[in-house]
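This note is offered to a colleague who is meeting the structure for the first time. Please read the numbered points with the sequence and the model at hand.

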Amino acid sequence: MKFSIERAVLSKAVAQAQSVVERRNTIPILANVLIEAEGDGVRFRATDLDVEVVDSAPAQVAQKGATTVAALMLNEIVRKLGDGALVTLSTQGAPGRLTIEAGRSTFQLSTLPVEDFPQMASPDYTTNFEAPAPLLRRLFDKSKFAISTEETRYYLNGVYFHVSAGADGKRVLRAVATDGHRLARIDADLPEGADGMPGVIVPRKTVAELRKLLDDDAAVIKVSVSDTKIRFETPTITLTSKVIDGTFPDYTRVIPQANARRLEVDAKEFAKAVDRVATVSSERSRAVKMNLDEDRLILSVNAPDQGTAEEELAVAYGDDRLEIGFNAKYLLEIAHQVDRENAVFLFNSSGDPTVMREGDDQSALYVVMPMRV
């Protein structure tokens, strides 16, 4: 195998592939990236057995072939090469070695046999559709903050990606995540061909890797789904992942339907105010109290070991007086999801879950549990 490739192109492809590699693993081949050169391009493939990414890049291939080499080491070398360098990778030298040449720099890295590299079996995908990158980006970006990190409740360690009935009864593509303390439910127009999609739980790591495919607003992503796997594909990158083998809970049961007390507040000002008063709260609880009276909101924190803080905001509120407490981190994360000018909070009582919407947008809904303060 021998090919030459621009350093910037190589760096992007290798960085995408190596991010899948687990830094601690007991199977040596899983620390490697599989490099396959053929025709006028090269493919970089990496996997941790649950997620696989394949990145294709244009290259001048002098001799087709394949090898595997340590992904993190290759990424570090390429990252440190000079901008604009033409990099040549070859296995024509010493056996079991990959030679990397760029300008006056030469590296030789140990390789492992290509035959040892695991291939992720491709199932028969029952659903195939295309979706614009901004649509998928919004679904996953706005829901991922609520993914649980509690490994014992593994079925909450991802985003539930499925088709459902929207607020107006129309079928929508929906992403839901919850950790039991907060919940995010985001809807998008249903792409053609997606209606029969099985509901799947996309793991946290896959959601993070997928984000790298969605930066180009003009990109159209091919999505393929089966009961056990999901694949996202652009013209140059294919991300395949196992889905979490578990049943996502019936989230509709925890979304309050009768919260009548309505607060409307400038989302950016609210987030800044919460952040300011939370400065003095203890890290353990991070509790912020909201006192609501007619068109007035007082945010306060009382941390005996640190001090107190209070800030008043002008708001739209015309219901009974209410005092309710929240974890500051949860409030901030939800407030930061708001793309519109105003956030709308719907309360029932100080002990019941609170709903938050983005202005009059019915396609995004968040639920947060209160805490005693």
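Which residues does Ala177 touch, not counting residues up to four places away in sequence? The first point takes up this question.

1. The model is a predicted one. In it, Ala177 touches Ser143, Ala146, Ile147, Gly158, Val159, Arg182, Leu183, Ala184 and Phe248, leaving aside residues up to four places away in sequence. Ala177 belongs to strand E12, which covers residues 171-178. Its relative accessibility is 0%, and Ala177 therefore counts as buried. One of the residues touched, Ile147, is 30 residues from Ala177 in sequence, while the two C-alpha atoms are 5.2 Å apart in space.

2. For general orientation, the chain contains six helices and 26 strands. Its C-alpha atoms fill a box of roughly 80 × 50 × 35 Å along the principal axes. Of the 373 residues in the chain, 53% are buried. Among contacts with a separation of 6 or more, 67% are between residues 24 or more positions apart.

3. Val223 may be read alongside Ala177. Val223 is part of strand E15 (residues 220-225), and with a relative accessibility of 0% it counts as buried. Residues up to four places away in sequence aside, Val223 touches Thr127, Asn128, Phe129, Leu136, Phe161, Ile230, Arg231 and Phe232. Thr127 and Val223 are 96 residues apart in sequence, yet their C-alpha atoms are 8.1 Å apart in space.

4. Helix H3 spans residues 133-143, and because eight of its 11 residues are buried, it is largely enclosed by the rest of the structure. The buried residues are Ala133, Leu135, Leu136, Arg137, Leu139, Phe140, Lys142 and Ser143. Two of these residues appear in the points above: Leu136 is touched by Val223, and Ser143 is touched by Ala177.

5. Helix H1, residues 7-18, has 12 residues. From its first C-alpha to its last it reaches 16 Å, close to the 16 Å expected at 1.5 Å a residue. Its buried residues are Arg7, Leu10, Ser11, Ala13, Val14, Gln16, Ala17 and Gln18. In an α-helix there are 3.6 residues a turn, so residues three or four places apart point the same way.

6. How is a pair of packed helices described? The angle between the axes and the distance between the axes serve this purpose. H1 and H2 pack at an angle of about 150°, and their axes are 9 Å apart. An angle over 145 degrees counts as roughly antiparallel, and H1 is therefore roughly antiparallel to H2. The crossing of the two helices is left-handed. On the H1 side the contact involves Arg7, Leu10, Ser11, Val14, Ala15 and Gln18, which meet Ala71, Leu72, Leu74, Asn75, Val78 and Arg79 of H2. By class, the residues of this contact are seven nonpolar, three polar and two charged. Among the H1 residues in the contact, Arg7, Leu10, Ser11, Val14 and Gln18 also appear in the list of buried residues of that helix.

7. A further helix pair is formed by H5 (residues 267-277) and H6 (residues 328-335), which pack at an angle of about 160° with their axes 9 Å apart. H5 and H6 are therefore roughly antiparallel to each other, and their crossing is left-handed. Phe270, Ala271, Val274 and Asp275 of H5 make the contact with Ala328, Leu331, Leu332 and Ala335 of H6. Seven of these residues are nonpolar, none is polar and one is charged.

8. Several loop residues deserve a reader's attention. Leu49, in the loop between strand E3 (41-47) and strand E4 (51-58), has a positive phi of about 80° although it is not a glycine. Its relative accessibility is 39%, so Leu49 counts as partly exposed. Asp295, in the loop between strand E19 (287-293) and strand E20 (296-303), is likewise not a glycine and has a positive phi of about 55°. With a relative accessible area of 42%, Asp295 is partly exposed.

9. Is Gly84 buried or exposed? Gly84 is exposed, with a relative accessible area of 80%. Its place is in the loop between helix H2 (71-80) and strand E7 (86-90). Gly84 and Ser122 are 38 residues apart along the chain, and their C-alpha atoms are separated by 37 Å.

Note on methods: Residues numbered from 1 in each chain as written. Predicted model: local features only at pLDDT ≥ 70, side-chain atom pairs only at ≥ 80, totals over all residues. Heavy atoms only, no water. Helix = DSSP H or I, 4+ residues; strand = E, 2+ residues; numbered from the N terminus. Expected span 1.5 Å × (residues − 1). Buried < 20%, exposed > 50% of the residue type's maximum accessible area, 1.4 Å probe, protein only. Axes fitted to C-alpha atoms, helices over the stretch in contact; angles between N-to-C directions. Parallel < 35°, antiparallel > 145°, perpendicular 65-115°, else oblique. Left-handed = near helix turned anticlockwise from the far one by under 90°. Contact = heavy atoms within 4.5 Å. Nonpolar A, V, L, I, M, F, W, Y, C, P; charged D, E, K, R; others polar.
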